[in-house]
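Work through the following exercises with the model open beside the text, and attempt each task before reading its solution.

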Amino acid sequence: MGLLDFLFGTNTKQIKAFKNRDAVILDVRTQKEYNSGSIEGSKHIPLNEISSSISEIKKWNKPVITCCASGVRSGNAAKILQNHDIEAINGGGWKSLNKKI
């Protein structure tokens with residue numbers, strides 16, 4: 001794993017393994033950011049709404065790959081989900097994630 005992957009997202013191998021298990025891509029950017037472009041089929045819940053959306057996310061009953069603009073917010077989101085017993089990884093920035101899936 002490279003330093004940038006470590007800091008801002010998960011490596012391609014882990015992402016592909018999650019996708020092979022039908023993972024949900026969860027974009028945690030603001031509504032305005034999401035509206036300006038996103039990964040096709042991704043779900044959108046802004047980072048500040050993640051904690052109040054845990055029960056909804058658990059209902060998906062799937063692993064989650066979080067993404068944002070650079071990987072910082074998605075890293076925070078992945079940690080929140082993990083702390084609520086949801087299998088989640090940080091996919092990093094949505095543009096780079098889109099190239100990995």
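## Exercise 1: The neighbours of strand E3

Strand E1 (residues 24–27) is joined to E3 by four bridges, and the two run parallel; helices (H or I, at least four residues) and strands (E, at least two) are DSSP runs, numbered from the N terminus. The model is a predicted one, in which local features need pLDDT of at least 70 and side-chain atom pairs count only at pLDDT 80 or more, whereas totals for chains, interfaces and linings use all residues. Residues are numbered from 1 along each chain as its sequence is written, and side-chain values use heavy atoms, with hydrogens and water left out.

Task: determine which residue stands opposite Cys 67 of E3, and how E3 is joined to E4.

Solution. Start on the E1 side, where Asp 27 stands opposite Cys 67. Then turn to strand E4 (residues 88–93), which runs parallel to E3 and is joined to it by four bridges; here Ile 65 stands opposite Ile 89. Finally, follow the chain from E3 through helix H5 (residues 72–83) to E4, a β-α-β crossover that is right-handed (with the strands pointing away from the viewer, the path from the first strand over the helix to the second runs clockwise).

## Exercise 2: The order of the sheet

Task: establish the order of the four strands in the open sheet and identify the edge strands.

Solution. The order is E2-E1-E3-E4, with parallel pairing, where two strands pair if DSSP finds at least two bridges between them. The edge strands are E2 (43–44) and E4, each of which pairs on one side only. E1 and E2 pair in the parallel sense over two bridges, and the bridge partner of Leu 26 in E2 is Lys 43.

## Exercise 3: Burial and the core

Task: explain why E3 (residues 64–68) is largely enclosed by the rest of the structure.

Solution. Check burial residue by residue (buried means under 20% relative accessible area, exposed over 50%, partly exposed in between, with a 1.4 Å probe and protein chains only). Val 64, Thr 66 and Cys 68 point one way from E3, Ile 65 and Cys 67 point the other way, and all are buried. Because five of the five residues are buried, E3 is largely enclosed.

Next, consider the largest nonpolar core (buried Ala, Val, Leu, Ile, Met, Phe, Trp, Tyr and Cys residues joined through side-chain atoms within 4.5 Å), which has 15 residues, Val 64 and Leu 26 being among those with the most contacts inside it. E1, helix H4 (54–60), E3 and H5 each supply at least two residues of this core. A second, separate core of ten residues includes Ile 65.
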